[in-house]
Amino acid sequence: MDDRKFRTAMGKFATGVTVIATEVEGDIHGMTANAFMSVSLDPKLVVISIGEKAKILNKIKESKIFTVNILAAEQQELSMIFAGQLKEHKEVIFDRLDGKPVLAGAVAQIACEVSAEHVEGEHTLFIGKVTDIHLEDAEPLLFYSGKYRSLTEEKPVTI
Ligand code: FAD
């Protein structure tokens, strides 16, 4: 099986888009990620998967904290900023939740402490113990087959 087939197949799993953020010595670093999943309700745990080449990897290992910011439909530019898809550098202002850096306007801000990390292949899975959550009533940004999408109201077809 070639890499492209694997990537194409994985891209068929429609997801939301998050920005993972962490902070080391007052320096905030963000990265766009869609490898995010809820793990457990009691205790409340989530998982993220970070590639070995990502600069944020060592920062999370050091800080032992991260936030997951589930982006709203109108925040595609933020996704592109934190995926390194925009040429020009844009200043991003972060809010705080439980003392951790979060993005205003995100559908959900989820503050976490790292409770475990597992290296698998070229990625590290971080299990996060959720310490606080903030929710906004907004439509989410979606990602499917390598493209950004948004939820559209499908009216039932009446024949
Ligand atoms: P950098 O390359 O240092 O940062 C990425 C960009 O964010 C840079 O342009 C940087 O200037 C900007 N940035 C960082 N902090 C700030 C700040 N405080 N203020 C302003 N700008 C800032 N990779 C994974 O490992 N796991 C995933 O689950 C994943 N999912 C993805 C989903 C989507 C939809 C996309 C588009 C990409 C995904 N990626 C994922 C790839 C990942 O986002 C990129 O490889 C990313 O560029 C790697 O980030 P980095 O930590 O090396 O940081």
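# Reading the labels on this model

Reader: Where is the place of serine 63?

Author: Serine 63 sits in helix α2, which covers residues 56–63. Please keep in mind that this is a predicted model.

Reader: Why does serine 63 count as buried?

Author: Its relative accessibility is 18%. Buried means under 20%, so serine 63, at 18%, earns the label.

Reader: With what is serine 63 in contact, leaving aside its neighbours within four places in sequence?

Author: Setting those neighbours aside, the contacts of serine 63 are Thr22, Glu23 and Val24. There is also a link to isoleucine 65: its backbone oxygen lies 3.1 Å from a polar side-chain atom of serine 63. The limit for a polar contact is 3.5 Å, so 3.1 Å falls within it.

Reader: Why is serine 49 called buried?

Author: Serine 49 has a relative accessible area of 17%, and the label applies under 20%, so serine 49 is buried. It lies in strand β5, residues 45–51. Beyond its neighbours within four places in sequence, serine 49 touches Ala35, His123, Thr124 and Leu125. Its C-alpha atom is 9.0 Å from that of isoleucine 127, although the two residues are 78 apart along the chain.

Reader: And what makes alanine 108 buried?

Author: A relative accessible area of 7%. Set against the cut-off of under 20%, that value makes alanine 108 buried. Alanine 108 is in strand β9, residues 108–120. Its contacts, apart from neighbours within four places in sequence, are Val68, Asn69, Ile70, His134 and Leu135. Proline 43, 65 residues away along the chain, has its C-alpha atom 19 Å from that of alanine 108.

Reader: Let us turn to the ligand. Which of the 26 residues around the ligand come nearest?

Author: Those are Ile28, Thr32, Ser49, Gly51 and Lys55.

Reader: What makes the approach of glycine 51 to the ligand a polar contact?

Author: A polar backbone atom of glycine 51 is 2.8 Å from an oxygen atom of the ligand. The cut-off is a pair of N or O atoms within 3.5 Å, so this pair qualifies. Lysine 55 passes the test too, with a backbone N or O atom 2.7 Å from a ligand oxygen. For isoleucine 81 the corresponding distance is 3.2 Å, again from a backbone N or O atom to an oxygen of the ligand. As for cover, the ligand taken alone exposes 980 Å², and the protein buries 77% of that.

Reader: How many aromatic pairs does the structure hold?

Author: It holds 2.

Reader: Why is the pair of phenylalanine 82 and phenylalanine 94 called edge-to-face?

Author: Two values decide this. The centres are 6.0 Å apart, and rings pair within 6.5 Å, so the two rings form a pair. The planes stand at 70°, and angles over 60 degrees count as edge-to-face, so that name follows. Both residues lie in the loop between α3 (76–81) and β7 (95–97), 12 residues apart. Phenylalanine 82 is buried at 13% relative accessible area, and phenylalanine 94 is buried at 16%.

Reader: Why is the pair of phenylalanine 143 and tyrosine 148 edge-to-face?

Author: Their ring centres are 5.3 Å apart and their planes meet at 65°, so this pair is edge-to-face. Here the angle is again set against the limit of over 60 degrees.

Reader: What makes phenylalanine 143 partly exposed?

Author: Its relative accessibility is 25%. Partly exposed covers what lies between buried, under 20%, and exposed, over 50%, so phenylalanine 143 belongs there. Tyrosine 148, at 21%, is partly exposed as well.

Reader: In what sense do β11 and β12 pair?

Author: They pair in the antiparallel sense, over 4 bridges. Two strands pair if there are at least two bridges between them, so 4 is enough. One of the facing couples is leucine 142 with arginine 149 in β12. The two strands form a hairpin with 2 residues between them, and serine 145 in the turn has a positive phi of about 50°.

Reader: What makes β1 and strand β11 a pair?

Author: They share 2 bridges, in the antiparallel sense. The requirement is at least two, so these strands meet it. Threonine 15 stands opposite phenylalanine 143 in β11. Together the strands make an open sheet of 3, in the order β1-β11-β12.

Reader: Why are β1 and β12 called edge strands?

Author: Each of them, β1 (15–16) and β12 (147–150), pairs on one side only.

Note on methods
Residues are numbered from 1 along each chain as its sequence is written. This is a predicted model: local features need pLDDT of at least 70, side-chain atom pairs count only at pLDDT 80 or more; totals for chains, interfaces and linings use all residues. Side-chain values use heavy atoms; hydrogens and water are left out. Buried means under 20% relative accessible area, exposed over 50%, partly exposed in between (1.4 Å probe, protein chains only). Contact means heavy atoms within 4.5 Å. A residue is near a molecule or strand if one of its heavy atoms lies within 4 Å of it. A polar contact is a pair of N or O atoms within 3.5 Å; within protein, one must be able to donate a hydrogen and the other to accept it, and residues adjacent in sequence count only if both atoms are side-chain atoms. Accessible areas come from the Shrake-Rupley method with a 1.4 Å probe; for residues, only the protein chains shown count as cover. Rings of Phe, Tyr and Trp (its six-membered ring) pair if their centres lie within 6.5 Å; planes under 30 degrees apart count as stacked, over 60 as edge-to-face and the rest as tilted.
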